[in-house]
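Let's take a walk through a protein model together, starting with one pair of side chains and working outwards. Keep the picture open while you read.

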Amino acid sequence: MQSIGSVISIMLIIVLGFALERSKFFHDSFAGDISKLITRIALPAAIFVSVLKYLTRGSLISFMGALMYSLGAVLISYVIAYLLVKIFRIRPGRRGIFMNTVANANTIFIGLPLNIALFGDKATSYFLVYYLTNTISTWAIGVILISQDDPTQADKKAKFDWKKLVTPPLLGFLAALIFLLLGIQLPSFINSSLTYVGNLVTPLSLIYIGIVLSKAGLKSIRIDRDTSLALLGRFIISPAVIIILFMAFGASLPLLLKQVLIIQSAVPALAVLPILANESHSDVEYATNIVTTSTLLFVAVVPILSELVIYHPVLV
């Protein structure tokens, strides 16, 4: 019920953005301003604070073994997603979004409360394994895939833009790792300020989704072919890959670790996907549709996956 409550909270904030846009509460430039604020200011702050809050130098070392499984699963998911893009000829503007949906999950807003609800505090350290994997994957790989899928630059596809490697979120992550490894402590007032700014990410991202839905109309929420493939990747392929890795190589790993990583691999798509899509002139409506539908469907996925992985663990 706590997990379902998290999903309902997400939908309520999306509805708020939808209603405010319908009532002409925002100026036309507001959605674009939100996009810039999140990607260039709030996201780097959120990532920086989260890394320092949830990780330690000791945990980085102790997590290395488990990280090999989660990182391996994510990389394999990217490869499968890339093959699906080619096989089904997913069009430019959707490819980066599609691959991110298959490989990356909404670990903080949905994954963390879900982990606490299902396993309690004893599994927090295992959750951090997937959180670190997801953070590295999203901001070192995923955001680049979306930025390189800019349909307005289709004639320049052959040339990789190395400048797009250095994104503000990635810089925030790298800066946090430096502070973590060097043991630098932030003054409490700076940490508080960054925390406040970082906390803007999720609510503003969800309000942005509501604005996009309002502009596109509710009819834009649909299960078309590309959306169906993305949802298949998020809820079936992603957890299946890590389950296969555990069956093949992870027999000696703790059961709780395997349960946590499998559950985390199947949480909904990143809430910031529409923001990232907008920054790269990609298909924002497609990204919005994926976030909305994956979040709604997760209400059905939670009890099924919990039954198969936790209560009657036939998959581990």
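Start with Glu-279 and Arg-40: their side chains form a salt bridge, with 3.7 Å from N to O. Keep in mind that you're looking at a predicted model. Glu-279 belongs to helix 13 (residues 273–279) and Arg-40 to helix 2 (residues 30–54), so this pair ties together parts that sit 239 residues apart in sequence. What lets two such side chains pair up at all? Side chains of opposite charge can do so when their charged atoms come close. As for how covered the two partners are, Glu-279 is partly exposed at 29% relative accessibility, and Arg-40 is partly exposed too, at 48%.

Now hop over to Arg-94 and Asp-224, whose side chains also meet in a salt bridge, this time at 3.8 Å from N to O. Here the link joins two loops: Arg-94 is in the loop between helix 4 (64–87) and helix 5 (95–103), while Asp-224 is in the loop between helix 10 (201–216) and helix 11 (225–249), 130 residues apart. Are these two buried or exposed? Both Arg-94 and Asp-224 are buried. For Asp-224, the relative accessibility is 19%, and the cut-off for buried is under 20%, so Asp-224 counts as buried.

Asp-224 has another partner as well: its side chain meets that of Arg-222 in a salt bridge of 3.6 Å, N to O. Arg-222 is partly exposed, with 37% relative accessibility. Zoom out a little and you'll find a whole network of salt bridges linking Arg-91, Arg-94, Arg-222, Asp-224, Arg-225, Asp-226 and Asp-283. Across the whole structure, a search turns up seven salt bridges.

Next, look at the nonpolar side of things. The largest nonpolar core has 102 residues, and the members touching the most others are Ile-34, Leu-55, Phe-98, Leu-273 and Phe-298. Take Leu-273 as an example: beyond its neighbours within four places in sequence, Leu-273 contacts Ile-97, Asn-100, Thr-101, Ile-146, Ala-287 and Val-291.

Finally, step back to see the entire chain. What is it built from? There are 14 helices and zero strands. Of the chain's 316 residues, 54% count as buried. Among contacts with a separation of 6 or more, 84% are between residues 24 or more positions apart. And the overall size? A compact globule of 316 residues would have a radius of gyration near 20 Å, and the chain's 19 Å agrees with that.

How values were computed. Residues numbered from 1 in each chain as written. Predicted model: local features only at pLDDT ≥ 70, side-chain atom pairs only at ≥ 80, totals over all residues. Heavy atoms only, no water. Core = buried A, V, L, I, M, F, W, Y, C linked by side-chain atoms within 4.5 Å. Buried < 20%, exposed > 50% of the residue type's maximum accessible area, 1.4 Å probe, protein only. Contact = heavy atoms within 4.5 Å. Salt bridge = Lys/Arg side-chain N within 4 Å of Asp/Glu carboxyl O. Helix = DSSP H or I, 4+ residues; strand = E, 2+ residues; numbered from the N terminus. Rg over C-alpha atoms; globule rule 2.2 N^0.38 Å.
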